[in-house]
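Student: I have a model open and want to learn how to read it. Where do I begin?

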Amino acid sequence: MSFSEDDESIDVKVQKALDCPCVADLKTGPCGNGFIDAFSCFLRSTEVEKGSDCVQPFIALQNCIKENPAAFSKEILEEEEKDEEAEKSNLKVRAPAWSRESKPKL
């Protein structure tokens with residue numbers, strides 16, 4: 001099947017992404033709706049910093065994960081702990097070099 005990405009609406013793209021078996025487990029359970037809201041928002045985001053307009057849905061999802069630890073795999077919970085540790089240590093996360101625009105030299 002061959003088609004141009006421009007031929008698909010964003011809603012079709014979002015639905016295809018949500019239909020992927022790789023996210024099936026995240027769509028079910030106590031935080032399924034929160035995952036769908038956050039993931040859909042990110043995919044629909046048109047901000048220069050993709051997803052920067054989706055902070056609230058991601059905070060809600062993160063809170064749901066914290067409130068329902070038994071519903072998630074050990075790997076997901078360990079990632080949450082690492083994120084919290086990094087936040088407490090005042091580490092700053094930088095975007096990868098390839099994603100930053102090069103600045104013209106004056």
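Tutor: We will go through the disulfides, the nonpolar core and the salt bridges in turn. Keep in mind that this is a predicted model.

Student: What is a disulfide in chemical terms?

Tutor: It is a covalent bond between the sulfur atoms of two cysteines. This structure holds two disulfides.

Student: Which cysteines are joined?

Tutor: Cys31 pairs with Cys64, with an S to S distance of 1.9 Å. Cys41 pairs with Cys54, at 2.1 Å S to S. Count the bonded cysteines along the chain, and the pattern is 1-4, 2-3.

Student: What does the Cys31 to Cys64 disulfide tie together?

Tutor: Look at where each end sits. Cys31 is in the loop between α2 (24-27) and α3 (32-44), while Cys64 is in helix α4 (residues 55-67), so the bond ties together parts 33 residues apart in sequence.

Student: And what does the pair Cys41 and Cys54 tie together?

Tutor: Cys41 belongs to helix α3 and Cys54 to the loop between α3 and α4, so the parts tied together are 13 residues apart in sequence.

Student: How do I read the handedness of the Cys31 and Cys64 disulfide?

Tutor: Use the torsion about the S-S bond. For Cys31 and Cys64 the torsion is about -95 degrees, so this disulfide is left-handed. For Cys41 and Cys54 the torsion is about -90 degrees, so that disulfide is left-handed.

Student: Is Cys64 buried or exposed?

Tutor: Judge by relative accessible area: under 20% means buried, and over 50% means exposed. Cys64 has 15%, so Cys64 is buried. Cys31 is buried at 3%. Cys54 is buried at 0%. Now take two other cysteines. Cys20, at 27%, is partly exposed. Cys22, at 62%, is exposed.

Student: What does Cys64 contact beyond its sequence neighbours?

Tutor: Set aside residues within four places in sequence. Cys64 is then in contact with Pro30 and Cys31. Sequence distance and spatial distance are separate readings. Take Cys64 and Gly34: they are 30 residues apart in sequence, and their C-alpha atoms are 7.7 Å apart in space.

Student: Next, the core. Which residues make up the largest nonpolar core?

Tutor: Look for buried nonpolar residues whose side chains join up. Here the largest such core has ten residues: Val14, Leu18, Val23, Cys31, Phe35, Ala38, Leu61, Cys64, Ile65 and Phe72. The elements giving two or more residues to this core are α1 (10-18), α3 and α4. Helix α4 gives the most, with three residues. Both Cys31 and Cys64 are on the list, and these two cysteines are joined by a disulfide.

Student: Which residues does Phe35 touch?

Tutor: Leave out residues up to four places away in sequence. Phe35 touches Leu18, Val23, Leu26, Lys27 and Leu61. Leu18, Val23 and Leu61 are core members along with Phe35.

Student: How many salt bridges are there?

Tutor: Look for a side-chain nitrogen of Lys or Arg within 4 Å of a carboxyl oxygen of Asp or Glu. The count here is two. Lys16 meets Glu8 at 2.4 Å, N to O. Arg44 meets Asp11 at 2.8 Å, N to O.

Student: What does the Arg44 and Asp11 pair tie together?

Tutor: Arg44 is in helix α3 and Asp11 in helix α1, so the pair ties together parts 33 residues apart in sequence.

Student: How accessible are the partners?

Tutor: Lys16 is partly exposed at 39%, whereas Glu8 is buried at 17%. Arg44 is partly exposed at 37%. Asp11 is partly exposed at 46%.

Methods
Residues are numbered from 1 along each chain as its sequence is written. This is a predicted model: local features need pLDDT of at least 70, side-chain atom pairs count only at pLDDT 80 or more; totals for chains, interfaces and linings use all residues. Side-chain values use heavy atoms; hydrogens and water are left out. A disulfide is a pair of cysteine sulfur atoms within 2.5 Å. Helices (H or I, at least four residues) and strands (E, at least two) are DSSP runs, numbered from the N terminus. Buried means under 20% relative accessible area, exposed over 50%, partly exposed in between (1.4 Å probe, protein chains only). Contact means heavy atoms within 4.5 Å. A nonpolar core is a set of buried Ala, Val, Leu, Ile, Met, Phe, Trp, Tyr and Cys residues joined through side-chain atoms within 4.5 Å.
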